Every structure is written in C-alpha cells, then in structure tokens.
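Please load the model in a viewer and keep the sequence panel open beside it. The stops below are given in the order in which they may be selected.

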Amino acid sequence: MKRIFFILSSIFLFSLPVWASWTTEAQDISAQTYYDVQFIGEKIGFAVGDKDTFATSTDRGINWTSSTIAGISTYAWYGLCFLDSQEGFVCGSDGNNPSKPKIYATTNAGSSWSNKSPASYSINGSIVYDVFFLNSTTGWAGGSGNSFSPAQNYYYTSNGGVSWTLEAIEDTNQNAYPEIRELYFKDASNGWAAGRQTGMGGYVFNTTDGGLTWSRQLGSSSFLELYGLAYLSSGGNDLLWVTGGGAGGGSSTNQFYSSDDGGSTWTSTVFDVWPGMRSISFIDKYTGYCVGNQGTIYKTTNAGSAWTLVDSGTTRTLQKVHYYNSYNAWAVGGGNPGRIILKDVTNPTILSVDPASGSQGDSLSVLITGTNIQGDPLSFGSGITVNSFAVAGESNTEGLADITIDPAASVGNRDITLTNPDSGEVTSVNAFAVNDSTTTTTTTTTTITTTTTTITTTTTTTTTTTTTITTTTTTTTITTTTTTTTTTTTITTTTTTITTTLPSPTTTTTTTSVPPTTITATTTATVTSTTVASTTTVTITITTTTITTTTTTMTTTTTITSTTLSNPTLNRVNPNKTQVLESSGKEITLILIGTNFAEGASVKLTKAGQSDIIGTVNSVSSDGTTINAKFTLPAKTQEGTIGYWAAVVTNPNSQSATLPHAFATSYAGVFFYPNQLSFHGLQSSATTSAARIVYNLSADTPIEVVIYDIREMKIVYRRKYASGQTGGSSGYNEIQWNGQTDFGHTIANGTYVLQIYSSRGEIIGQTYFVVKD
C-alpha cells in the first residue's frame, strides 16, 4: 500500500488536535471486504476489495462511487498504490485461478484499466498482497510463495509492469519463504518488506540494492504473524513500525515493534487483548493507529510506548488504516455483514473572528481563524446570511466569510457554528456581535444662483399747443414741446451660498420688495424777447417732465432638496490577493465594492507597522457601489510586504469605511516558482537556478528547507541555512535550486511538497509543485 506522509524535524514540537470519533462513511451488507485504502490529499481517495471492487471518493470519503477493474467478479484486490490523483496500480489474485497473480494499472483515476499482470508461471497459490511503485516505471510487488523451492514471493519491474522479474525473499535461518504482506521503498535502492510464515512467525527484511538481495532484520515469535508495515523519515532517521496478530495464545500475541535506525534494532510492546492486528500507520514519530479483527482500533500519542483502545463503532474486521495528516485517517474492512469504510473525524476549532461585530444592514467580510477548517456550512444564527465561505488548501487555518446582516436582525452576541463536510463541528460562543444601526445626518453645501431681473416703467406725456397773437407790430408765438422720459429701475439678487444640515427635503421662499418712489413734476418756462426794427418777437418755451413709478414686488422661490446619506460601506475587494515578485514594486488595479461611495472619494491600503499604500482613483460608479483604483505595492524586498492589508475608503465629507483583511500579498506562504517544471527540461539544462524558493521571515532564525516526494514518500532534497544568512535572515529570502536531488539525479516527474522548518521543528510554511512533461 502507498501511504502519504509529511516529513517532520527530529525535534518537532507537536500539539494534539481535538479528536472527535471514528464514524462510518460507507458500508453495505454484501458480506464482502475492502482490503486497502489510500488518499491523495484530503479529498481524493481510493479503496479496493473482493468481487473486483474499486471505489473512489472526491469529498474526503463522505461519498464513494464503486466500479469494477477487470470485469471478473472472482478477482480480489488486496493492495493499491497511487502515484497521484490519476495514476495508480492495484494487485490481487483470481479466486478461480490462484496461479495467476493479478496487477492492473490506470492513468485516469480508474476510468479504465490495463492488465500489467506477470505472465502465468503455474505457481500454486500465488497471490500478490501488496504493490509499491516509486514512479511510473519502477515498482515491486510481494505476495505468497508456493510449495516449490525457491518460492517466488516477490516481483520487480523497471518498465511499468510491461514485464516482471520473479525473485524470492528467503529467511535463510529457517529456510522459509514467507508471505510478503507489505512493502515500502524510500528510494530506488533501500526498501523493507514485512510478512509471515505459518508456524514460523513474522519477519522484516531489508534491501539496499533495489531488491536484488534481502537480509532479515526481525524474526518474531512463532505466535506472531506480521501484516502491517509503516515508514517515516524524521530528522534524517528511518523510522519503522510493524504489527500483527497471534496465531495462538501466549504473552507474545499481538505485539507492536518499532525501530528508529532503519530496522537495525527493534523494541516491542504487547497489546492488552487478542484482536489480531492487521495494519499500522503513523503521521509523525509520536502519533499512530493500529487496526485489526473485531473492529479493533488502537491509538498512540507517545511513539508507541502506550496504546489506547478506541471505539470504532463496528465489530467487522478492519484490514487497513491510512493516516494522511493530523486531521484525516481512514480505515477499511468488512466481512460479515459487509464492507465498511471508517474515518477518524476531528472537530475544527475557531480561535479568532475579525471583525467580531457588525451593524444591522451591513455586508461584511469576516476572517475565521482556527484549525481543520474545511468549508461550509458556517452559521452566525438567524438574521445573518452567509453568502460564501472560502477556504484555501487542505485543513486550512483560515476561512473568509462574506455575510449580510439583515436590517431587522436581533442586536447582541451571536454564536458561530462551523460544521465541516466530514461532520466535525465546533461552536464558538458569543463570537460575533450585531450592533444597532444608526442614521447619520449629512452636511450638504448648496449653491443657489438667481438671474438679474430688470423692471422698466415708461411714462409718455405729449402736448402740442400753438397760439398766434397778431398785433400791429408784434407777433407772439407760444410753442409747447413734447418731452418723453424713460426711467429704468434694476433689481439684482446676487449669487448666494447656503450651507445647512438637512434631514429631509426643504423649500425656501425669499421675497424682495422695491419701495414706492415719488417724483415731483417740474415745469420750466423760458421767455426770450427779441426786437428787430420796431418789431418784437416773444418766444415762450415750456418744458414739462412727468415720471410715474409704481410699487414693484419681486418674489424668488428656491427649492433645496437634500437626502440623508449613510456612511459608506466596503464589502470586498477584487482581486483580494496577489503574489509579489517584483523588486521595484508592483502596480495592480483593484475594484472596491460596497455602497455610498461619493465622487472625489480617496482610497488606501493599510497594515500595522507599514506605510499606507495610497491608491489613485480611476473612477467611481454613478450608483456609488464600486471604485476602480490603482495601487503600487511595496517591493518584495521590503520587510512586512507580505500579509493582510486593510482597505479604507474616505468620502469628501470625511466619512469612511474600513474592511480588515481586504487584500493579501503573499508568496503563497512559501512561494516556489515556477510551480511546474519539465523533467526533460531539467535534464537538458545546465542552469543552477531552474526554480526559486521564496519566503519571508519575521526575524533572523535557522531554517531547514525540505522537498518531499509524495509519490515515493521520501525526502529528496534537504538544506539548512544559518540565522542571519541567506535563507535564514529576517525579511525576504530567495533560494535558487537547480532541480537536482540529494541522490545526485534530476528530480523525477511527480508531485512534491516544499516545507520550511524552524529551528524548533515547526512547519512555518509549505507549498506544492509538479514536475511533468
């Protein structure tokens, strides 16, 4: 069986999660059995059993889909080894023809299979119990021998199963050829095999030449037959565990053996009861499970010094246990009444909520931190709708919830309940508070402009009189002239600026009165007398001016309308994260989404201990719900660049909205670039910098960088960096890697885990990358 383990430092300081209980994920009453289970990640898993059964799950084992492999119901599959989520191998036998061991392969997660079985060798009772592949080409298989000598109980291929070499693993001390029940290879040279021989006990064998030769490392009591083998690399040491069940009574029945030096020396522990142990799996050097007959499950948290019996909820025989990480372990088995799949469900925890309150009517992004956070459903109680809950990665420590608080939601503290898809649940009491909403009065400045009004009055008086007086010597002419006078009165209302606080629409009426004007009429008479030759001419001119004015009233009505404007709200930022790679800073355009944004608003990103990043606003939508702004992020070399930034929007009237954890800059914790490498490209290139390993440290500290091969379950690259030096210095660190392993060859196709360890053995960051052509 293929097991996936993370690699821990030899001084790893572990903390136990909150263990819930084993729950049944799938079962039937078919009187059949699952014999092996393996998960590639937390979500994707595979199981095999009798009746040609192959089962897959893509949701942490909550639901399983069953299919067949060869289409022959007499086939029983005892072991499987998947290299990734698509490529894998299974092994077993044909119940009707046991002389033909069976090995099949898939490259599409079981949608189709190809027969890779060894050729028929007419060997009585040949059964393949376990198969182990390092990569697509190199693999081993182990099983039962036969009555001939040498018994062929072991197979090897270097071409993906196109052909196999049959060999024998022999206990030369007893001239025995045991059944090989489980295999593990840490690399192409070093491997272990565990098995049993009826009446002779259990065995552990080791090879250092790829399986060409084997030597016995452990020979147990004749009462103990070994079925399970587990391997883990920790601090440069090869840790091994084996277990089994007794063939009879006695104090040696059901022992557990462990070795911390690759099998050179062993210590043992005797279990209290006689269940018949079948399989063993460890997640770190301290924590492991054993399973066996009658639904028996044992757990240790002290490296096997003591074991605790755990209630499995079943009495069916458990054939295999698979420990993926601290939050995910599965066991399979069956018999009468049928097949069964169990999972050890670990409850999540909630450690902090940010922000921890919101007002009625608000839409917020809330950051939930804790452990084993898998995703929906998340509940804040009645009146609060969780629109989405995003969790990145596996068993994450953070989840971001977008929530909407109903305007009528009850005010006060709320419990937050998180239920993982695998049924693990936690309730954080009084973790969030709903505040009463308030109405904010807005001060509005309004400019009122009225036009100039001109009032013109015109009075015209026309009088024409001609009088002729004739005397002997005098002619007198009297002429009255006509005078027209126009009087213009101008009334001007100047531009007025009114600043007022208006809770509702307002109408203002202004009346301007022009007072009556009285003009006194004036009459002027001019007499001119001229005597010429005893003739006197008298001319009299009378000028009369009349101005009439009336009282004029001008009424100006101005309506000022102002609506009550609430504080702006900031709900989310899109995109909400980016990876900073540039040495000179990075420009990024963000869309800030919310309500009540005003034209002229300003935006910025803030982070404790860092200078604010002031944004340039490109536009504000007419409905006030979005702002398009450009930001220049700090350079990747600047300390404190990485992490969560709060976004702040401030309207021209100084009202503002802040969204904590709105935007994240990162190297994905640990950033490996590029995250997909070409195997042939690495082979043909002489570069010393095929990839970059980038991370930030808060202080100078010793660091260990480890690359772990998920498929081969081994460390392929390990480097240590001193405190204060490149790789161990405060702030930005970048390490160049040429794609070569510690074994002196180019890293093979597959999926790898890159982990960064502190001096205390804590994993402070990890990421994944792929080598693929």
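Two strands are said to pair if DSSP finds at least two bridges between them. The model to which this criterion is applied here is a predicted one.

**Whole chain**

Begin with everything displayed. The protein contains one helix and 63 strands. Of its 773 residues, 49% are buried. The exposed surface amounts to about 33,200 Å², of which carbon and sulfur atoms supply 48%. Among contacts between residues at least 6 apart in sequence, 57% join residues at least 24 apart.

Next, colour by confidence. The mean pLDDT is 77, and 72% of the residues reach 70 or more.

**Strand 31 and its partners**

Select residues 363–373, which form strand 31. Is this strand largely enclosed or largely open? Nine of its eleven residues are buried, so strand 31 is largely enclosed by the rest of the structure; a residue counts as buried when its relative accessible area is under 20%.

Add residues 396–405, which are strand 34. Strands 31 and 34 run antiparallel and are joined by eight bridges. Within this pair, Leu364 has Ile403 of strand 34 as its bridge partner.

Then add strand 29, residues 349–354. Five bridges connect strand 29 to strand 31, again in an antiparallel arrangement. Here Val353 is bridged to Ile368 of strand 31.

**A four-stranded open sheet**

Move to the sheet whose strands follow the order 14-15-16-17. The sheet is open, and its pairing is antiparallel. Which strands stand at its edges? Strand 14 (179–185) and strand 17 (215–219) do; each has a single partner strand, so one side of each is left without a neighbour in the sheet. On average, neighbouring strands of this sheet are turned by 25° against each other, direction ignored.

Now restrict the selection to residues 191–197 and 201–207, which are strands 15 and 16. These two run antiparallel and are joined by seven bridges. Centre the view on Gly195, which stands opposite Tyr203 in strand 16.

**Asn651**

Select Asn651, in the loop between strand 54 (643–650) and strand 55 (656–666). Is Asn651 buried or exposed? Its relative accessibility is 3%, and therefore Asn651 counts as buried.

Show the surroundings of Asn651 as sticks. Not counting residues up to four places away in sequence, Asn651 touches Pro568, Asn596, Phe597, Ala598 and Ala601. For Ala598, a distance may be drawn: a polar atom of the Asn651 side chain lies 2.9 Å from the backbone nitrogen of Ala598.

**Gly41**

Go next to Gly41, in the loop between strand 2 (34–40) and strand 3 (44–49). With a relative accessibility of 9%, Gly41 counts as buried. Add Asn328, which is 287 residues from Gly41 along the chain; the C-alpha atoms of these two residues are separated by 9.5 Å.

**Segments to treat with caution**

Finish with two stretches of low confidence. Over residues 248–252, pLDDT stays under 50, and the model has eight contacts beyond four places in sequence for this stretch. Over residues 516–521, pLDDT likewise stays under 50, and the model has four such contacts beyond four places in sequence. Where pLDDT is low, the predicted coordinates should not be read in detail.

Conventions. Residues are numbered from 1 along each chain as its sequence is written. This is a predicted model: local features need pLDDT of at least 70, side-chain atom pairs count only at pLDDT 80 or more; totals for chains, interfaces and linings use all residues. Side-chain values use heavy atoms; hydrogens and water are left out. Axes are lines fitted to C-alpha atoms, for helices over the stretch in contact, and angles run from 0 to 180 degrees between N-to-C directions. Buried means under 20% relative accessible area, exposed over 50%, partly exposed in between (1.4 Å probe, protein chains only). A polar contact is a pair of N or O atoms within 3.5 Å; within protein, one must be able to donate a hydrogen and the other to accept it, and residues adjacent in sequence count only if both atoms are side-chain atoms. Contact means heavy atoms within 4.5 Å. pLDDT is the predictor's confidence in each residue, from 0 to 100. Accessible areas come from the Shrake-Rupley method with a 1.4 Å probe; for residues, only the protein chains shown count as cover.
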